[in-house]
Amino acid sequence: MLEIKNLHARIDDREILKGLDLKVPAGEVHAIMGPNGSGKSTLAYVLAGKEEYEVTEGSITWNGQNLLEMGPDERAAAGVFLAFQYPIEIPGVATMTFLRTAVNSVRKARGQEEYSTPEFMRVVREHAKELKIDPEMLKRPLNMGFSGGEKKRNEILQMSLLEPSLCVLDETDSGLDIDALRIVADGVNRLRSPDRSMIVITHYQRLLNYIVPDRVHVLSQGQVARSGDADLALELEKTGYAEFRGEAA
Amino acid sequence: MDLPVKQLRSKAEQDLLDVFSAVNEALPGAENKTVAKIRSDALADYASVGLPHRRVEAWKYTDLRSQMPEAFPLVQASGRAISDAEIETALSPRIAGIDAYRLVVAEGEFRPELSDVTALKEKGAELHSLAETLEHLPEELKPLLAESGYQRSGFEVAPTATKQIPDPIIALNKALMTGGVILRLKQGAALDKPVHLINLDGEGEPSASVTRAIVVLEKGTSLDLIESYASLGGRGLQRNAMTQIVLGESAAIEHSKLQLEDAEAMHLANLIVTMGAEARYNGFQYSLGARLSRNDVRVLFEGEGGTMSFNGAALLKDSQHCDTTMVVEHMVPHCTSRELYKAVLDGDSRGVFQAKVIVAPDAQKTDGKQMGQALLLSQGAEFDTKPELEIFADDVVCGHGATSGQIDEDLLFYLEARGIPEPTARALLIQAFVGEALEQIEDEPVREALTAATADWLGVAFD
Ligand SMILES: Nc1ncnc2c1ncn2[C@@H]1O[C@H](COP(=O)(O)OP(=O)(O)OP(=O)(O)O)[C@@H](O)[C@H]1O
Ligand SMILES: [Mg+2]
């Protein structure tokens, strides 16, 4: 279970998260929606451990462990995975080298046996096939020249390879065509399990038709302004965020 | 105001003159008048300018005079056997293991018994010991031996440049060279493997090694040349190595130079490449060792349609200093030159990359680009770069760029967020930075060996 209490976080002296509370029990999928700039990506980065964001107050625990005391790599080993809103291109780092280094680092940290190169190749090929990723793409440097949609799919490939227990998907649906959306959603749904929690950040109700959330939260002004069940997303689709923007005034 | 400057020699400057007086009569070719004249003229050139210092524009960032407190005596060759194991230790097993014809120059002398002389000759290569050649210098080699490294062009527009100032490092090489090799591929000769010229010095008492390698590729021939420089010990080595590569029409060379000397060594190197019509030079310089290293590279396009690509990487730490200074002269039309230099600087190290491209008035359609990049891993590291374009023709495409920065935190976070511990993530990014230059090496075993050497330097392995 993920438990966030009274989280305050700032960047460059600007407070973005202002007392955020959130609980995601094991096995549940929670959607986070909210206007642009409300702090959704900030929350995702803070969960993953990006250094620039300074947590000034509050706590985050994951299955009882204090995430705030852990470095990003330790959090990954503990099961945290962030699918980035904007996956970065890394010239010169071969995708396969990156994937193998990442997966074996995490396996080692979890006390699992590291994959040999041929074993790993087989595992990657299997996962890539399910996500309809052309293996030729994996021969390129990481994300280099990948289309927006290809980058998002590559994020989900990494997620399935790293076998996380807390998945945070930051607008993984944006930039995906209709078919890709279904492939990615299927990929995510395959990972749904009783001991895995997920946070799905999205602007669109459409994704939530495929990945049906247990709870929906609206983030506004750095706080959870409203929570509800899956129907809340449908309601927001009609009414928009006017209500929440109003609060800001 | 020009005041006559009183010649005040530093200790090292005087030492070098003394070294010459001490060994002059015993140097190879001492009996040969032409050679003796080349040597004495060169010494006079050196004496007229002394060691380079920071007020000499090309040595702005490398004040050799102040960094060289004394000059060591020339190495006394013992001629002792050097085992494969020792070579492996000096070069690293990977680099020593590259399948190639070996030419070994140790203690300033060519060592035929450690070299693949017979095999090379069977393949049609002409090979001579420099020391033997100096005893009876053939006329056609004279200009090569007497090379001063002077700029060839650009005087039409910049007449002041006609007053050539001798290069003291080349002058010292001419005055003091003790050995080396001369390798020639005649038309039609072809080698099935690279040639690995291994230079080993620095054993025992502090000493200087002054060597020369001359490689001539006649029309249409090609060669894969690896030059490695390493130490046999760590008591103090001052090296002055000069390599001349002459590429005939349509000749092609893949040239990798690996500098792997011990952390106390001083490495002064000159490379002069002359490019015939349609010739192709693809070079890589890898600088890992030495406390102070200076690589002077001159590329002269003498025939139309030549293509040159020069790439380099320096991985430095502690107080290492590595300076690579290039002059590329486009004297004729339709030639292309590319330079890409990468420095990874840790500790208090300092990297220097200076590249000057000169385009002579009739060298139209020249395409010249250069890029120097540094990755600074510590507060104390410093990178100095100075690109220079002297363009006297109007129809050319020339450009230069330079960047210097730290590891990108966003990239680092992305890798760490995937579970990769920070040191490994940093190493991956550094490897990627250097990789862009390493990729230019066409010889796969060399590229792989240097990629592995880079990983070793970083203290990681990505299999
Ligand atoms: N490095 C930064 N320096 C200053 N402000 C920042 C920085 N990064 C983010 N912000 C600000 O923090 C606020 C929240 O940004 P965040 O990216 O978390 O929003 P979001 O909810 O994910 O928006 P979107 O829906 O557009 O993705 C924004 O106003 C943004 O401008
Ligand atoms: Mg966002």
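**Note on the predicted two-chain model: interface, metal site and charged pairs**

1. Across the interface of chain B and chain A, 8 residue pairs are found in polar contact, both residues of each pair being at pLDDT 80 or more. H10 and H11 of chain B each supply at least two residues of the side of chain B that touches chain A. The largest share of that side, 7 residues, comes from H10(B). The model is a predicted one, and the values below should be read accordingly.

2. The extent of the interface can be stated by residues and by area. On the side of chain B, 18 residues are in contact with 32 residues of chain A. Between them, the two chains bury about 2,000 Å², 68% of it on carbon and sulfur atoms. In chain B, the residues that lose the most area to chain A are Phe413(B), Tyr414(B) and Arg418(B), together 40% of what that side buries.

3. Charged pairs also cross the interface, where 2 salt bridges are found between chain B and chain A. Arg418(B) forms a salt bridge with Glu155(A), with the closest N and O atoms 2.7 Å apart. Arg418(B) is also among the three residues of chain B that lose the most area to chain A.

4. Helix H10 of chain B (residues 409–417) merits separate comment. Of its 9 residues, 7 are buried, so the helix is largely enclosed by the rest of the structure. The buried residues are Leu411(B), Leu412(B), Phe413(B), Tyr414(B), Leu415(B), Glu416(B) and Ala417(B). They pack against helices H1 (40–48), H2 (72–77), H3 (95–109) and H5 of chain A, together with helix H11 (422–438) of chain B.

5. Both ends of H10(B) can be described. Asp408(B) caps the N-terminal end, with a side-chain oxygen 2.8 Å from the backbone nitrogen of Asp410(B). H10(B) is followed by Gly419(B), which has a positive phi near 95°.

6. In chain A, the magnesium ion (ligand 2) is coordinated by OG of Ser41(A) and OE1 of Gln85(A), at 2.0 to 2.2 Å. The pair links distant parts of the chain: Ser41(A) belongs to helix H1, whereas Gln85(A) sits in the loop between strand S6 (80–83) and H3, 44 residues apart. Both Ser41(A) and Gln85(A) are buried.

7. Which side chain of opposite charge is nearest to Lys152(A)? It is that of Glu171(A), 6.1 Å away, and Lys152(A) is buried yet has no salt bridge. A salt bridge requires the side-chain nitrogen and carboxyl oxygen to lie within 4 Å, so this pair does not qualify. The side chain of Lys152(A) does, however, reach the backbone oxygen of Glu171(A) at 2.8 Å.

8. Lys152(A) lies in helix H5 (residues 148–162) of chain A. Leaving aside residues up to four places away in sequence, Lys152(A) touches Phe84(A), Gln85(A), Pro87(A), Glu171(A), Thr172(A), Ser174(A) and Leu176(A). One of these residues, Gln85(A), also coordinates the magnesium ion.

9. Over all chains the structure holds 47 salt bridges. Asp167(B) and Arg298(B) meet in one of them, at 2.9 Å from N to O. Asp167(B) lies in the loop between helices H8 (142–145) and H9 (168–176), and Arg298(B) in strand S12 (residues 292–301), so the pair ties together parts of chain B that are 131 residues apart in sequence. Asp167(B) and Arg298(B) are buried.

10. Strand S12 of chain B also holds Arg294(B), and Asp323(B) lies in strand S14 (residues 321–330), so this pair ties together parts 29 residues apart in sequence. The side chains of Asp323(B) and Arg294(B) form a salt bridge at 2.8 Å, N to O. Asp323(B) and Arg294(B) are likewise buried.

11. Further salt bridges in chain B include that of Lys386(B) with Glu388(B), at 4.0 Å from N to O. Lys386(B) is buried, with a relative accessible area of 13%, whereas Glu388(B) counts as partly exposed at 27% relative accessibility. A network of salt bridges links Glu126(B), Glu140(B), Arg184(B), Lys186(B) and Glu218(B).

12. Two residues of chain A with positive phi should be noted. Asn6(A), which is not a glycine, has a phi of about 45°; Asn6(A) lies in strand S1 (residues 2–11) and counts as partly exposed at 31% relative accessibility. Lys132(A) has a phi near 50° and is found in the loop between helix H4 (117–130) and H5. Lys132(A) is exposed, with a relative accessible area of 59%.

Key:
Residues numbered from 1 in each chain as written. Chains lettered and ligands numbered in written order. Predicted model: local features only at pLDDT ≥ 70, side-chain atom pairs only at ≥ 80, totals over all residues. Heavy atoms only, no water. Helix = DSSP H or I, 4+ residues; strand = E, 2+ residues; numbered from the N terminus. Buried < 20%, exposed > 50% of the residue type's maximum accessible area, 1.4 Å probe, protein only. Lys, Arg positive; Asp, Glu negative; His and termini not counted. Polar contact = N/O pair within 3.5 Å; in protein donor to acceptor, adjacent residues only side chain to side chain. Contact = heavy atoms within 4.5 Å. Donors = N, O, S within 2.8 Å, 3.2 Å for Na, K, Ca; no water. Buried area = accessible area lost by both parts, 1.4 Å probe.
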